[in-house]
Amino acid sequence: MKIAMLARNPNLYSHKRLVEAAEARGHTLDIINTLRCTMNITSHRPTILYNGETLKGYDAVIPRIGASITHYGLAVLRQFEMGGVWPLNESVAIGRSRDKLRSMQIFAKHGLGLPVTAFAHDPKQTDEVMKIAGGAPVVIKLLEGTQGIGVVLGDTERSAKSVIEAFRGANVNILVQEFIKEAGSSDIRIFVIGGKVVASMMRTGAEDDFRSNLHRGGSAKMIKITPEERATAIRAAKVMGLNVAGVDVLRSNHGPVIMEVNSSPGLEGIEKTTGIDLAGKIIEFIENNAKAGKTATKGKG
Ligand SMILES: Nc1ncnc2c1ncn2[C@@H]1O[C@H](COP(=O)(O)OP(=O)(O)OP(=O)(O)O)[C@@H](O)[C@H]1O
Ligand SMILES: [Mg+2]
Ligand SMILES: [Mg+2]
């Protein structure tokens, strides 16, 4: 097969592993720098120009679109989809999962466990937002945050309110969430491919941090998840419409609650922790599923 991978940095562990796995199985995998793609949107047959040439002949495209270029990256992916190239994850599904509010609303609608979450646009609503989240301690999150940056614990009513007001003053969107203390600075990353759990790990925050992010100094270990956690992760990936997903859940007193669902989950932490060849499993999934024009949404947007 001829596979395209939309990515910017060819030296990232995840990207190198996917190239390696594809080549080991006899495929070619070209890394396409998303931002260097030019789109011809006017023609009847949508095309993508790359380094002066029209991209063609691809059987599948692996989107690894960074959070900072979601908008342009999804347009490029849609262009592939409209040209009939099978995407590992569809643009519509990635768009859903990148929007924290939208995804939480979808999870709630499907009865999946979530931390109690409040959101308001008006700075005057601080008291109400605090009340919905059940009062201090609460977790305050930047909607556009990543790698644990912009995730703050408001220990007391007073500190929570000043954090909310500071964020609001900076004119950024936030959500306020019940603090799941019983999770003990740990979360579980569950890796789903094609509706099956293929690997999972528990990440625990550094000594003095409630955030479990490995980027913030957390550590990871292998873990056996419960059937309820497994079902939650599979369902979360399904309602997002993602073939490949990294589902993050916290163990709360009221069962597993979903933190977020990642559409381009990193491979380094989880492959090194579990010893499972996830890159190989992803390529295998592509082999078994890629078919020209076979997408649920066909880039309908
Ligand atoms: N409501 C909560 N209760 C307890 N701990 C939380 C809560 N929300 C977040 N955390 C902790 O903080 C960490 C970071 O939060 P979150 O995953 O929402 O944002 P992020 O890591 O910045 O986003 P991304 O994972 O996309 O980089 C979580 O992994 C979890 O350990
Ligand atoms: Mg996120
Ligand atoms: Mg996270």
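## Annotated binding site

In this predicted model, the unreviewed UniProt entry places a "binding site" feature at Glu260 and Asn262. UniProt positions follow the numbering used here, with feature names shortened, and such annotations may be inferred rather than shown by experiment. Glu260 lies in strand β16, which covers residues 255-262, and Asn262 is found in β16 too. Strands (E, at least two residues) and helices (H or I, at least four) are DSSP runs, numbered from the N terminus.

Glu260 counts as partly exposed because 18 C-beta neighbours lie inside 10 Å. Asn262 has 21 other C-beta atoms within 10 Å and is therefore buried. The cut-offs are 20 or more other C-beta atoms within 10 Å for buried, 12 or fewer for exposed, and in between for partly exposed, with C-beta atoms placed from the backbone. Neighbours within four places in sequence aside, Glu260 is in contact with Lys100 and Asp248, while Asn262 is in contact with Ala245 and Gly246. Contact means that the C-beta atoms of two residues, placed from the backbone, lie within 7 Å.

## Helix α2

Helix α2 has 13 residues, 70-82, and reaches 18 Å from its first C-alpha to its last. This is close to the expected 18 Å at 1.5 Å a residue, where the expected span is 1.5 Å times one less than the number of residues. Just after α2, Gly84 takes a positive phi of about 90°.

The buried residues of α2 include Gly73, Leu74, Val76, Leu77 and Phe80. Charged names also appear in this buried set, among them Arg78 and Glu81. The elements that the buried residues pack against are strands β1 (2-6), β3 (37-40), β4 (47-50), β6 (60-63) and β7 (86-87), together with helix α3 (91-98).

## Overall fold and dimensions

The protein chain holds nine helices and 16 strands. An automatic or database assignment divides the chain into domain 1 (2-88), domain 2 (117-179) and domain 3 (182-282). The centres of domain 1 and domain 2, taken over C-alpha atoms, are 37 Å apart.

The radius of gyration is 20 Å, which agrees with the value near 19 Å for a compact globule of 301 residues; the radius is taken over C-alpha atoms, and the globule rule is 2.2 Å times the number of residues to the power 0.38. Along the principal axes, the C-alpha atoms fill a box of roughly 60 × 45 × 35 Å. Of the 301 residues, 41% count as buried. Among contacts with a separation of 6 or more, 66% join residues 24 or more positions apart.

## Conventions

Residues are numbered from 1 along each chain as its sequence is written, and chains are lettered from A and ligands numbered from 1 in the order in which they are written. Local features need pLDDT of at least 70 and side-chain atom pairs count only at pLDDT 80 or more, whereas totals for chains, interfaces and linings use all residues.
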